[in-house]
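Biologist: Before I look at any single residue, I would like to learn how a pocket, a surface patch and a buried position are read from a model. Could you take me through them in turn?

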Amino acid sequence: MTSRTSSHGSSYDRRDVGLLLLRLGTGGVLAAHGAQKLFGWFGGHGIAGTGQFMESVGFSPGKASATAAGLAEAGGGTLLALGLATPAAGAAAAGAMAGASTVHTPNGFFNAEGGFEYAATLGLAATGLAIAGPGRLSLDHAIGHVFDRGWMVPTALAVTAAATAVVVGSRNRRLQEKEREEGAEQFEAQEALFGE
């Protein structure tokens, strides 16, 4: 993007300001959610409580899953807000939100009914930032885009997509196995009740 100088002599344009606001908002929200998981801040449950929840919705082991999600959200969100390593930061945050979306998908789209609207919005914003770049009001720009090269965008997104597919696929298999076991237990209980 070519630099445009305004009548006030600034080398920043509205795209840079818009990206800064989007990075600060998206990154700040993601970082706060990660801090809830990792440290129990802002009314969160910390690693132990989040780990129990993760285990209950099929992500196992729970504490490791909580740690990974918390790091992706807190780390990815902080880096997005700073505009540092933007491709990796956006991809990590998007992966965490894709995992969160799978938990909420059975409730439909809208957040009011517990749906995946909120997680999907954060994930799409993080992905968009990874692709668009951080703008000139960023640490990436200040250090010469060392961690923000063009080839890093598809690489970071592809690696994250593959890792997310493995994690979500494992979760889905666990949930299916649990459903089969519960169905078999119910069948055995009915046979015991009516078979005699």
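The dialogue below goes through the pocket, one residue and a surface patch.

Modeller: Keep in mind throughout that this is a predicted model.

Biologist: What is the volume of the largest pocket, and which residues lie nearest its centre?

Modeller: A pocket is read from its volume and then from its lining. Here the largest pocket has a volume of about 850 Å³, and its lining comprises 34 residues, of which Lys37, Ala69, Glu73, Ala96 and Ala100 lie nearest the centre.

Biologist: Which helix gives the most to the lining of the largest pocket?

Modeller: Helix α4 gives the most, with eight residues, while α1, α2 (46-56), α3 (62-82), α4 (86-104), α5 (117-132) and α7 (152-194) each supply at least two residues of that lining. Sorted by class, the lining holds 18 nonpolar, 14 polar and two charged residues.

Biologist: Is Ser101 buried or exposed?

Modeller: A residue counts as buried when its relative accessible area is under 20%. Ser101, which is placed in helix α4, has a relative accessible area of 11% and is therefore buried. Ser101 and Glu117 are 16 residues apart in sequence, and their C-alpha atoms are 7.9 Å apart in space.

Biologist: Turning to the surface, which residues make the nonpolar patch of about 400 Å²?

Modeller: That nonpolar surface patch is made by Phe39, Trp41 and Phe42, and one of these, Phe39, has its place in helix α1, which covers residues 14-39.

How values were computed. Residues numbered from 1 in each chain as written. Predicted model: local features only at pLDDT ≥ 70, side-chain atom pairs only at ≥ 80, totals over all residues. Heavy atoms only, no water. Patch = residues over 30% accessible without salt bridge, like charges linked within 9 Å, V, L, I, M, F, W, Y side chains within 5 Å. Areas by Shrake-Rupley, 256 points an atom, 1.4 Å probe, with all protein chains shown as cover. Salt bridge = Lys/Arg side-chain N within 4 Å of Asp/Glu carboxyl O. Helix = DSSP H or I, 4+ residues; strand = E, 2+ residues; numbered from the N terminus. 1 Å grid on protein atoms, 1.4 Å probe; cavity = no way out; pocket = protein on both sides within 12 Å on 5 of 7 lines; lining within 4 Å. Points joined across faces, edges and corners; volume = space filled by probe spheres on them. Nonpolar A, V, L, I, M, F, W, Y, C, P; charged D, E, K, R; others polar. Buried < 20%, exposed > 50% of the residue type's maximum accessible area, 1.4 Å probe, protein only.
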